[in-house]
Structures are given as C-alpha cells and as structure tokens.
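Here are some worked exercises to try with the model open in your viewer. Give each task a go before you read its solution.

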Number of protein chains: 2
Amino acid sequence: MNKDSTIGINAVPGGALAPAGFLAGAAVCGVRNSGRKDLGLLYAEYPCVSAGVYTRNAFRGAPVEVTRAAVEAGGVRAVVANSGNANAATGERGVEDARRMQALAAEVLGVESREVAVASTGVIGERLPMEKVEAGIPAASAGLGQEGAGFAEAILTTDTVKKEAAVEVEVGGKKVTVGGTAKGSGMIHPNMGTMLAFVTTDAAVERDCLSETLKNATDHSFNRVTVDGDTSPSDMALLLANGAAGNEPLALDSPDYPAFAEAVEHVARELAKKIARDGEGATKLVEAVVEGARNEASAATLAKAVVGSNLVKAAVFGEDANWGRVVTAMGYSGAAFDPANLELHFGPVKVFAGGEPVPHDAAEANATLAGDTVEITARLGEGEASATAWGCDLTYKYVEINGSYRT
Amino acid sequence: MNKDSTIGINAVPGGALAPAGFLAGAAVCGVRNSGRKDLGLLYAEYPCVSAGVYTRNAFRGAPVEVTRAAVEAGGVRAVVANSGNANAATGERGVEDARRMQALAAEVLGVESREVAVASTGVIGERLPMEKVEAGIPAASAGLGQEGAGFAEAILTTDTVKKEAAVEVEVGGKKVTVGGTAKGSGMIHPNMGTMLAFVTTDAAVERDCLSETLKNATDHSFNRVTVDGDTSPSDMALLLANGAAGNEPLALDSPDYPAFAEAVEHVARELAKKIARDGEGATKLVEAVVEGARNEASAATLAKAVVGSNLVKAAVFGEDANWGRVVTAMGYSGAAFDPANLELHFGPVKVFAGGEPVPHDAAEANATLAGDTVEITARLGEGEASATAWGCDLTYKYVEINGSYRT
C-alpha cells in the first residue's frame, strides 16, 4: 500500500492536533530532572472511539495495563503521558500510581477515568515521583490548546527531535484528517520498541473497524522498525477517532475505508521512519526492502533481520557496503528463501546475484551509504510479496548514550 | 554438569596439541595482508574418528559444505584453515577453491582428501586468493610439530588473543587428554557465531558416541555465547579422536563415558568463555545464570536474551547496574516465566524480587560491574533447571572495529 498519490492523500502540518477537535498541553514537572517538558495531556473535545496495540514483553509497565483496560472499557478520549520514568517493574505500587495519574487527568479534564490513557517512558524499575506528577497534570491542563506543540516534546526521552505527521484524505464526501505524534529512540524493536504513538483523527469510525485499522497500520510501520533489538515493557500505539469530520461512521466494508486505512498507515509509517532516523546515536536511516517473496511475513522477517544486524548497522555507520553482512543476516533470519535466486542492491548498485558476488566498483557501492538515508534492496525472485523495514546505523554515540543513561 | 572436581578433571597446557599424536603448523601466506600467520594445518598422526557441528545460517560458506561432506564420509584427521577470507557467498567457484585447499593439504600431509576438513573465516563475498593459499599450505606443513602454537594464531581474525584449553581425565584406566583451540570475536551468536573450534582427544571413541558428545558439549558452550547476535555462515566445531591413549573405545553406555563427556564439555566451555571475553571491543565477560527454571531450554533462552541485549551490554560497559534492562530482556525473550516469582542479582546484590525493586545501594550494585567478569543471576523459583550464557559488553571499540573492517 504505497500508492498514496492514487488515493489522494495530502500531507498537512500539525501532527496529532491537525484533526479537528483535539487539544494538547504540556508542563515541566521535573520527573526528567532536565528542565524540559516532561508531562503532557492530549484531549479530544468530543467523545472518541479508540483502539490500542501494546508491547508483547512479559514485563508490561503499569501504564500499559491501565491503558489497555481503559481502551477495552470503551472510548478513550484523552492521554496523560510523562517521560523520564517508565513506571515499569514497579509492582502493585506502580499500578496504583498509574491509576492515580489517570484519575487526576480525568479530574482536570472533566471526563471519566476510564476515558483517559496513561503512558510513561524512561527509566525502568523506579517509582514515579507522584508529587511531581500531581503538580504537573493541572499545569499541563492550564495550557491546553490547539497549538499544544509541547505535548510532542513532553513525551520524548533520549529522542533528539519531536516526531509528528498528518495527512488529509476525502472519506464519504468529507475531508478527514489523520495526525499523530510519537516518541522512540532506544529500546526499539519490532513488536513495539520503547515507543509511544498517539494517532488522532476527526473521522467517525466504528470501533471494530478502528481496531483493525490500527493493528494493520502497526504491522506495516511500528512493527517494522528496529533500533537495538530491545523490546520495551512500555510501548503502546493508540488511535483516537472523535468523529468531528461528520462523515458516516466508517466500517471495514465502507467504499472509502481503504482511503482512510491508507491515511492512518501513512501517518504511522512516517512516524515509524522518524523513530528509526532518530534512533539513539543514529546518523542514518536504513531502509531495507525485500521484494519477490513468497509471502509478506517472510519478506518482513528478512527485511527486519537486515536492519536489525549490529554488523550491518556498524558497516552503514562506516559507509562500507559490506554486503556479506546483509546476506548473512538474511541467512540467519529463519525465513526460507533460496540464496541462488537472490539479487542484492545497495542503492542502485547490484552487488550479489546467482549465489555469487557481482563485480562492481566498491567506491560506487560505498557512496550509496554516504547520505542520511540508505536503501538496501533484496529481490528474492520467488513470488510477488514485499516488505520494508527501517532501522539506523550503530554508532559510538549509541554506546555513549546507553553506557551512561542513568548516571 | 559443573562438578568437574568430583570427576577428577585436571587442566593441562597445550590446547589442541595436548592430546598425544596431534601436530600443527602455520604460515604467513598473505590472505590477511597483516604479516600475521593466516594459514594453519592441524594433523593427527593416527586415523581419527570425527564429528562436526555447523552453522545453521542459510548461507553456508563453501568450506562448511566441504567439511561436512568429509566428516560424513568417515574419519577426518586433519584441518586446513585460513583467516582473512571466509570463502562464503562465493558460489560454485568458492566450492572449487575449498576442494582445492582440501586436496593440497591432503597431498602435503600424505592423507586422503576426505580426511581433511577445511575452514575459512574473514571477509564474506570475496574469492580466496588461491595462489597465496597454494603457497601457504606447504609452508605450514614444513613447520609441522608438537609446538605448533602458530595454528592457534593463524585462525584468528579480529580476535586479540588465541584461545586454547585442555584437560586430562581417567577413562577405562587410561589417562585421556582432551584439548582444543578456537577463534571467534565478532559475528558471534548462539547456534554458532563466526567461530571455529577444533577439539582433539587421544581417547578412542565410537563414532556415534563422538557425535553425540560434540553435539551436547556445543549446546552447553558455543551455543550459549553471543557477541553481537549475528550468526555467521562459516562456523564449525570439530572433534577429532585419534585413539592414541589406548583405552577401550568409548560408547555412550561405557562406565567412564560421563567423565569423558564432561572433559569435552569443559574444554568447549572454556573455549566458549574465551570467545565471549574476547568479543570485538569487549572489556568484560558477562555471565548470565538462570536458575529455578521449569526446563533447561527456557533457562537457556532467558540467559541468552540477557547477554544478547545491546542495552544490557552497553550498561555493563558503563558499569551501570541498570537491572530494568535485564528484566526487559527476559520479558521479550519469548520464554514463559512469572515475573512475580523472579529474583534478580547483580553479583551478590539483590535488586528485584516479588515483582518490584528491592531497595539496595546503587553504588554497591554498580561495583559488581567494575571487574572484568560480571555475573548476573536470575532465580525463577519455578523448577530445578538452570543454564548459563556468556557474552560481553558493547563498547566504542566494537563500533570502530565493525565500522571499518574492510577499509
């Protein structure tokens, strides 16, 4: 589903606040000890239909449990999020703290607790400093508005840039907007890394349809990103639909559903790529494309193995088109394919085909790694399925960041 | 099987040449362009029973295929190995080159081609410079002797130290020696990294018994090591038994078989730990012990996830007892366990129990990471099974080595 142009999807500014009827605010509450905004509120002016996907880590942060229960109970229309502390591996006390965050946010926003999602990222295994959070929630609420850019900042941890995307698309004769903001830089791996994504839309959407839309979009975006292979206990992606666009509620069989689904996937994919590009210490976005596979699952496994390989990542950092590491990663991925049919390209330079190296100018191949976006394409010649995965290079800075994160 | 002392296993010097009847030699043939020894021969003076285990990467280097065929054909009694070029992803020409290496070594040693194993490690995807190899084989043969320390050097690539271990044990009233030498530093991961291990013994052993012994020993040693999660196309471990000790050939049901098996496992484990400690750029050996598991497979999965986590590895480098990353790695490992029963220790310091942090002195916990060996122990409280896995820290030097390997 890369044919955005044929559907008529237009990029617009504004991130998660681009759709009508969403407000946000943020505050410096001091959980991060950085003087930076670290507590944010996102709020829909109308009741929402909502959907969520969550980390598959056996350790789930308390906020993930609390949010999952809220989404299951019905329509989440607000998010309270903090950075600096993940409130994960914190036991029963952690769950109590997450519920308290939820209740306080509900109170200042004038909604029910079960309408509020809670998200926390940062250090694992330390209790949330609740007095700071308790002061931060009303402060963030006081600044609630349509600008609300502070929200996209407040959820960041080791991220260096805020991550936003939004598009417009026509659905049922109405202009519908889908927007989103995300965070994620380290502990990022398919099946949700330490990442949060909040996607909003003013479309009216039926609940089952919304869940399916988010699940599919996540499979093609956030679950195709890896920074370091570590899957966090705190991940979640939420999709809130407030219906302000006034369209007939979308179902899976609505004629314009594909356009809406593609809009959501587009936003999710843009956010995912921004996460990979801003991977801890990263200097380059790596895009691995696997084509000609028997099925999408094996294409995705192969693409993720390539962007997940430390050796590939280090070679990209060194701008060394060491394609042997790419075929090696594909070889241990576990996906079945015949190496004899493989064609491998760095950018436009073919380096391997028919089971052996293709003579090429090494300098030309290395030059394909010189920019800030690197494309590695593998053609399997076995079928019609394809998949893309995104990652980043492995750098000195990654080691520095993670060798001294808590100190 | 850690009770070496009760079986009466004694460490001895000499590595793979410690058992009676093994010789080795090495030469500078110039594949590596480093002026270092890069071609080695290992040779048993008597016919051998042999066993091998090989990489599971879908791309297998030509030498792996040639060696596997030799081991399957019968008794391999010699090894020809080069470093600097893996002869992998080199197509049919690569297989011809590996066979030519095998034939040349057989000729200078006066044995059959099918008695010679071939092993190559180094850059993937480039043809072996055969004229250098052809000159190196007779040169290595000329120096064949019981010293032969050059062999352990000649197989190294980015390794910084040679890796040898040997033990003596009594079997059937005879003193039996088991020795070995290995290489491996980067592209190291369970299911065989880019590692070679050549284990020798003067014990007489039946063929099926020898295969089973090597397989079990590998499962508890080389398959429990990770440096960077990349499984190489070139791995192999071989076990050659020349019978010079004069014992009755060992079978799986021989009374002294457990002592022999433990001796082999001991040597394999020592080599595996040396590989992990000498991981590319490593400053520390990390030993993850999982106890109280329902079964050994899940204990091993959990232990390998801990030593495999980039974030754990970076934290160890930074001497930061960031146990949240350890529980996170266990959580995404895929092995089933109940976090509520988990007890986690850094050295002697308990940091997590009953689903939440255990108050402790952070400086004391960090101090457990200050030495060159770091022990992390997880007690699951669910059964009697245990497993240990070995890895190393992730450092600036790893990035440097792998960002500029070919240049």
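**Exercise 1. Find the partner of the first strand and follow the sheet to its edges.**

Which strand pairs with β1(A), and in which sense?

Step 1. β1(A) pairs with strand β7 (residues 163-171) of chain A in the antiparallel sense, over two bridges. Strands here are DSSP runs of E with at least two residues, helices are runs of H or I with at least four, and both are numbered from the N terminus. Two strands pair if DSSP finds at least two bridges between them.

Step 2. Look for A:Asn10: its bridge partner in β7(A) is A:Glu168.

Before going further, a word on the model. This is a predicted model, in which local features need pLDDT of at least 70 and side-chain atom pairs count only at pLDDT 80 or more, while totals for chains, interfaces and linings use all residues. Residues are numbered from 1 along each chain as its sequence is written, and chains are lettered from A and ligands numbered from 1 in the order in which they are written.

Step 3. Now widen the view: six strands of chain A form an open sheet with mixed pairing, in the order β1-β7-β8-β9-β10-β4. At its edges stand β1 (10-11) and β4 (49-54) of chain A, each with a single partner strand, so one side of each has no neighbour in the sheet.

Step 4. Add the helices. α7 (residues 257-277) of chain A lies across β7, β8 (174-183), β9 (196-201) and β10 of chain A, at about 170° to β7(A). Helix α2 (residues 62-73) of chain A lies across β4 and β10 (236-241) of chain A, and runs at about 145° to β4(A). Such angles run from 0 to 180 degrees between N-to-C directions, with axes as lines fitted to C-alpha atoms, for helices over the stretch in contact.

**Exercise 2. Describe the four-stranded sheet of chain B.**

Step 1. The open sheet has the order β2-β3-β5-β6 (chain B), and its pairing is mixed. Its edge strands are β2 (22-27) and β6 (116-123) of chain B; each has a single partner strand, so one side of each is left without a neighbour in the sheet. On average, neighbouring strands of this sheet are turned by 15° against each other, direction ignored.

Step 2. Strand β5 (residues 78-85) of chain B runs parallel to β6(B), joined to it by eight bridges. Here B:Ser83 stands opposite B:Thr121 in β6(B).

Step 3. Helix α4 (residues 130-142) of chain B packs on the sheet, touching β2, β3 (39-44) and β5 of chain B, and its direction makes about 45° with that of β3(B).

**Exercise 3. Classify two helix pairs by angle and handedness.**

Step 1. In chain A, helix α8 (residues 296-308) and α10(A) pack at an angle of about 130°, with axes 8 Å apart. That makes α8(A) oblique to α10(A); angles under 35 degrees count as roughly parallel, over 145 as roughly antiparallel, 65 to 115 as roughly perpendicular and the rest as oblique. The crossing is right-handed, meaning that the near helix is turned clockwise from the far one by less than a right angle, with anticlockwise giving left-handed.

Step 2. Who meets whom? A:Leu302, A:Ala305 and A:Val306 in α8(A) meet A:Val326, A:Ala329, A:Met330 and A:Tyr332 in α10(A). Residues are in contact if their C-beta atoms, placed from the backbone, lie within 7 Å. The contact has seven nonpolar, no polar and no charged residues. Ala, Val, Leu, Ile, Met, Phe, Trp, Tyr, Cys and Pro count as nonpolar, Asp, Glu, Lys and Arg as charged, and the others, Gly among them, as polar.

Step 3. In chain B, the axes of α9 (residues 310-317) and α10 (residues 323-332) come within 9 Å and cross at roughly 160°, which makes α9(B) roughly antiparallel to α10(B). This crossing is left-handed.

**Exercise 4. Characterise the contact between the chains.**

Step 1. The contact takes 50 residues from chain A and 51 residues from chain B.

Step 2. On the chain A side, α10(A) gives the largest share, seven residues.

Step 3. By class, that side has 22 nonpolar, 21 polar and seven charged residues.

Methods:
Contact = placed C-beta atoms within 7 Å.
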